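Biologist: I am new to this one. Please show me the structure, and I will ask how each label is earned.

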Amino acid sequence: MTRTEKTEQILQIVQAKMPDTKIEPIEVEKNNKQKRKGIHIHIPGDFQGICIYWDSIFAICARDSSIEQIADCICEMSKEAMKTKINQTLLLDWEKVKPMIYKKVINYERNQDRLSTIPHQRYLDLAEVFYARIPLSERRWGTCEVTYELLQTWEIGEQELAKQAERNMREEHYQMLPLEQVLRNLGVPVCEGLEHHFYVIKNQRNEFSSSVISNPKQMKAFMEQIGGDSYLLPSSVKELLVVPVKEGTDTTMLKTMIKEVNQECVSPNEYLSDQLYYCHHSSGEVEICMESKAELQKILAVSDN
């Protein structure tokens, strides 16, 4: 039996054991171009779904297990993951959920299929998308990405959605801290004598903090805190790194650093961009740092079509 045939047989058994769900194989391309395969499990009519990857399955279930044992392992993992349920009644009621609507940014080119199903706004090589932050318990929260299907359920348009997210985002508290301080707080050893002084931008929830990149007012406040222009390094969807502009700054080295970190340290679902950005102190506006206009036009050539 080939690996493909074995996988198909496992999925058939899982589908039979979980008849109320839709089971599909998935393949995610990691930032180093390697593939990660897994299973997507979704309940029709439900806005939630879970992904389980084969490496996670075999970390629990021995590789020499029988097909039936592997299928049972997947079912148990699925049932455990599905115990955390978003309150559908709350999610489907616009008046109740609208104070919980926020924005985040994702890479535009790498998410073309995904963007065809969700409201979004283009920003440089990124896309601003929307999500609801739903309480799961007294101390736990879950997020649900806003889809066109949800917009229809709420009976609102994209403009109203964007305006509500903007209102909620005004209440967000962002801070910019020296990277050394952040690392020390995490108990990570800090190298002395770094060539560049880095800062980290985070929000109070440490959740999709990179969305601040499209907020000129907040970025201008950070540039005033630094006292000049800065380079922005998209370390992930969770945060931004800031490097104050100084004479002789090696932008090639910074660009190389971004790509190497993305390839080696950042998971595909947290990847934001390989680009280096430039933020202006005078306005807080951000642009892609490019050697030529032709290079910039090539990056922005990806269309909505």
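Biologist: Why does W54 count as buried?

Modeller: This is a predicted model, where local features need pLDDT of at least 70, side-chain atom pairs count only at pLDDT 80 or more, and totals for chains, interfaces and linings use all residues. Residues are numbered from 1 along each chain as its sequence is written, and side-chain values use heavy atoms, leaving out hydrogens and water. Buried means under 20% relative accessible area, exposed over 50%, partly exposed in between (1.4 Å probe, protein chains only). W54 has 13% relative accessibility, so W54 is buried.

Biologist: What makes F58 partly exposed?

Modeller: F58 has 22% relative accessibility. That value falls between 20% and 50%, so F58 is partly exposed.

Biologist: Why is the aromatic pair of W54 and F58 called stacked?

Modeller: Rings of Phe, Tyr and Trp (its six-membered ring) pair if their centres lie within 6.5 Å; planes under 30 degrees apart count as stacked, over 60 as edge-to-face and the rest as tilted. W54 and F58 lie 5.8 Å centre to centre with 25° between the planes, so the pair is stacked.

Biologist: What makes the pair of W94 and W154 tilted?

Modeller: Their centres are 5.0 Å apart, and the planes make 45°. That angle is neither under 30 nor over 60 degrees, so the pair counts as tilted. Both W94 and W154 are buried.

Biologist: How do you know that R110 lies over the face of Y271?

Modeller: A charge sits over a ring if NZ of Lys or CZ of Arg is within 6 Å of the ring centre and within 35 degrees of the ring normal. R110 is at 4.0 Å from the ring centre of Y271 and lies over its face.
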